[in-house]
Each structure stands twice: as C-alpha cells, then as structure tokens.
Amino acid sequence: MGDVDRWMSVGTSLAPDSYEAAREAAQAALTGHDPTLLLVFAGIGHDPYRIADALRAAAPGVPVLECSTHGEINPGGPYDGSVVVTALGGSGFSVSTTAVPEISGRQRDAGAEAARCAADVADRPHRVLLLLTDGLARDQEMVIRGVYGVLGASVPLFGGAAGDGWRMSGTFQLHGTDVFTNGVVAACIGSDAPIAIGIDHGWRPAGEPLVVTRSGDGRVQELDDEPALDAYLDRLGAPEEVYRDDVALRHYVLSRPLGVQRRSGIEIRNMSTAVDVDGRTIGGGGNLSLGALAFAMEGDEESVVTASGRACRSAIEQLEGCTPVGLLTLSCAACRAVLGDDGVLKEGARIAEEAGAIPYAGFYTYGEIARTRGINGFHNQTMVVLAFG
C-alpha cells in the first residue's frame with residue numbers, strides 16, 4: 001500500500017489449479033480502493049483462459065495484462081509455476097490498455113499500434129508505456145522503434161518479453177480475456193507522482209572494443225574484419241574446445257554476453273541461444289549496425305546480484321524523495337541460468353533488501369525493455385526496475 005491517492009499491492013499463489021491460483025492472488029492484491037490495472041505474471045504451465053475467468057470474477061471491469069514467465073519474482077520468491085497479481089489503484093493513477101496480435105514479421109508496425117493507447121490515457125504529469133511482448137519473436141528492438149516513431153522521447157518505456165521456461169515452444173500474453181501467443185499487450189500508465197526506471201547489469205568489458213565490419217539479418221558476420229565468432233573468442237582468451245564444440249560454446253558464452261556501445265552506456269545482448277559454430281557468426285537479439293562498437297563481456301554471480309540491487313536503488317533514488325508505492329522488477333532468464341538456484345535466491349534477497357517495505361513483483365524474461373532516452377531500449381541479461389511514486 002502507499003499514498004491514499006495511489007497504491008500498489010502484490011498477491012501470490014502456488015495453487016496448482018489456474019483458476020484458484022488467480023483467485024487467491026487477486027484477493028491478496030486487491031487491498032485498496034479504485035483498482036485501475038492488474039498485472040499478472042504466471043508460470044507457463046498455467047491456463048491463461050482460466051486465469052482470465054478468475055480475474056474477471058474477482059475484479060470485474062478492471063483492465064488486465066498478463067504474460068507467461070521463466071520464473072516469477074516477488075516477496076518470498078522467486079518461484080516457478082506461481083501466479084503473481086500486481087494491482088495498481090487509487091485516483092492518482094489512470095490507465096489505457098491495448099493488444100496487438102500476430103507481431104512476427106511486422107514488429108515495427110506492432111510497436112506503433114501499441115503506442116497509440118497513450119493518446120487515450122487521462123492527462124497526468126507523469127507517464128510510462130508498459131509493454132509485454134512475445135519472447136520468441138525476433139527483432140524486439142523493432143517493436144521499440146515502432147513505439148518511438150509514435151511517441152518519440154516523451155514517454156519512457158518499460159516491460160519484458162514473455163518466457164516459457166526454456167521450452168521455446170510458445171509464450172502467452174493476455175489482455176482482458178483475450179489470449180495471444182504472438183502478440184504485444186500494452187498499458188500506458190499516467191500518474192500524479194513521479195515514475196522512475198533503474199537499469200543495471202553486472203557485466204564488464206573484456207578488453208578493447210571490436211568494430212562491427214559486416215552484419216545483417218540479426219547477426220554479425222565480421223568484427224574487426226575477422227569472422228565475428230573468432231574475434232569475440234580471441235578477445236576473451238577462450239579455451240580451444242570452445243571454438244569448435246557447439247555444446248561447450250553455448251555454455252561458455254552464457255556468462256560472457258555481447259556488449260553494444262550506446263550513448264547511455266553499454267547494452268547487453270545474450271548470445272547463448274544464437275551460437276553458430278559452422279558459420280562463425282554471432283547473434284545478439286537483433287541487428288548491430290555497421291561501425292557499431294561491440295565488447296566481449298564478463299561477469300559472475302556477485303556482479304550480477306550486485307547490479308540487481310543497484311537497479312532497484314537507482315529507481316527509488318530517482319523519485320527524489322517521493323515515497324515509493326511499488327516496484328516492478330524484471331530480470332533475464334539467461335541471468336537466472338548463470339546464477340543457478342543458489343544465486344537466484346541471493347538475487348531475490350538483494351531485491352527484498354533494497355525494497356524494504358515497498359511492494360514489488362516481476363518475472364524472469366526473454367528480454368528486458370527499458371528506455372528513458374534515445375531510440376534504443378531492448379536489453380538482455382539486465383535488471384530493469386520501474387518505481388511508482
């Protein structure tokens with residue numbers, strides 16, 4: 001709970017039945033007056049239609065956005081297979097929501113369509129556009145570029161790409177009672193109090209930057225005029241077996257992502273799901289333009305957990321003394337794989353430590369969305385935090 005005019009509350013259920021889990025979580029989350037939005041993060045094993053039915057019964061008329069996860073982040077967690085309901089409410093919030101189906105092959109247009117819901121939100125001094133996308137759709141950056149084409153730099157962006165527990169067979173997104181498997185659901189949230197975004201990752205450059213000298217179709221073919229994979233591994237001083245063995249390479253690059261130089265700093269791209277031993281190219285979640293500066297990056301459990309704490313602290317501090325009513329905390333499925341079970345518990349404890357009495361909830365994503373300036377805003381292996389004042 002928070003200010004009488006604005007509040008956020010979180011409910012969680014581990015019940016195996018989807019309807020019962022959503023009902024329990026919603027009951028725990030609906031603690032204040034005038035709920036304006038329900039955000040739901042659910043394990044991929046749950047039935048989104050049953051969840052939708054339960055939420056419609058628990059909070060008739062309240063807009064709902066939902067997505068599947070690679071694990072749910074919340075007090076007492078993280079969990080796998082739970083249903084987490086976050087409720088925003090009070091007269092100090094206003095919300096407009098939308099959904100865009102079938103985004104693959106038209107990601108930029110889909111982003112533009114999603115952004116238009118911002119025109120329908122009641123006018124307030126602070127706004128953010130929240131996006132939940134299909135994590136199996138390629139070129140997530142193009143969704144963000146589509147949004148930027150409509151809103152420009154006037155509205156910050158936040159959100160994540162839905163996961164499916166590494167099954168790689170299909171995620172789901174929900175808007176109201178409509179369920180999508182290849183969509184974007186969005187909410188423009190207006191607030192009378194400040195909204196802030198924290199972004200941080202625990203990766204550091206391994207040596208000097210590499211220049212992208214050939215790229216296309218979401219892959220980098222050459223770095224410094226050499227085969228991209230070889231140049232990247234050379235910079236890291238990788239062992240010989242990693243150069244030729246697909247399994248060894250995939251394991252090696254999981255904790256050594258690709259960094260891309262932006263005006264705001266180095267953004268991270270996950271390479272573990274896009275290895276190419278035969279072609280010697282590298283992927284990283286989207287296109288890297290010719291001449292871009294890229295880095296081989298390194299990190300470990302301590303650096304990742306520390307960065308998660310910094311992201312939470314940064315978001316809270318940017319509220320400039322305004323009391324936080326809640327946090328949304330999104331981390332990466334690939335970070336979870338690096339951390340392992342013990343490390344994920346440490347990350348959860350660090351988030352809880354920074355949040356204190358502030359309600360928080362989130363999930364492990366297939367990519368994080370956070371843009372406060374510039375046109376870019378898609379991340380991998382990064383903690384992004386949205387703080388509501």
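Two strands are called paired if DSSP finds at least two bridges between them. The legends below describe close-up views of a predicted model.

**View 1. Strand β8 beside strand β23.** Strand β8 covers residues 157-162 and runs antiparallel to β23, with 4 bridges joining the two. One residue of this pairing is Leu 157, whose bridge partner in β23 is Arg 371.

**View 2. The two faces of strand β23.** In a regular strand, side chains alternate between the two faces of the sheet. Strand β23 consists of residues 368-371. Glu 368 and Ala 370 lie on one side, while Ile 369 and Arg 371 lie on the other. These four residues are all buried, so both faces of the strand are covered.

**View 3. The hairpin of β23 and β24.** Strand β24, residues 378-379, is antiparallel to β23 and joined to it by 2 bridges. Within this pair, Glu 368 stands opposite His 379 of β24. The two strands form a hairpin, with 6 residues between them. In the turn, Gly 374 has a positive phi of about 75 degrees.

**View 4. Cysteines without a disulfide.** A disulfide requires two cysteine sulfur atoms within 2.5 Å, and by this rule the model has 0 disulfides. The cysteine sulfur closest to that of Cys 67 belongs to Cys 332; because 13 Å separates the two, they are too far apart for a bond. Cys 312 is in no disulfide either, and the nearest cysteine sulfur, in Cys 335, is 13 Å away. Cys 67 has a relative accessibility of 0% and therefore counts as buried. Cys 312 is also buried, with a relative accessible area of 0%.

Note on methods: Residues are numbered from 1 along each chain as its sequence is written. This is a predicted model: local features need pLDDT of at least 70, side-chain atom pairs count only at pLDDT 80 or more; totals for chains, interfaces and linings use all residues. Side-chain values use heavy atoms; hydrogens and water are left out. Buried means under 20% relative accessible area, exposed over 50%, partly exposed in between (1.4 Å probe, protein chains only).
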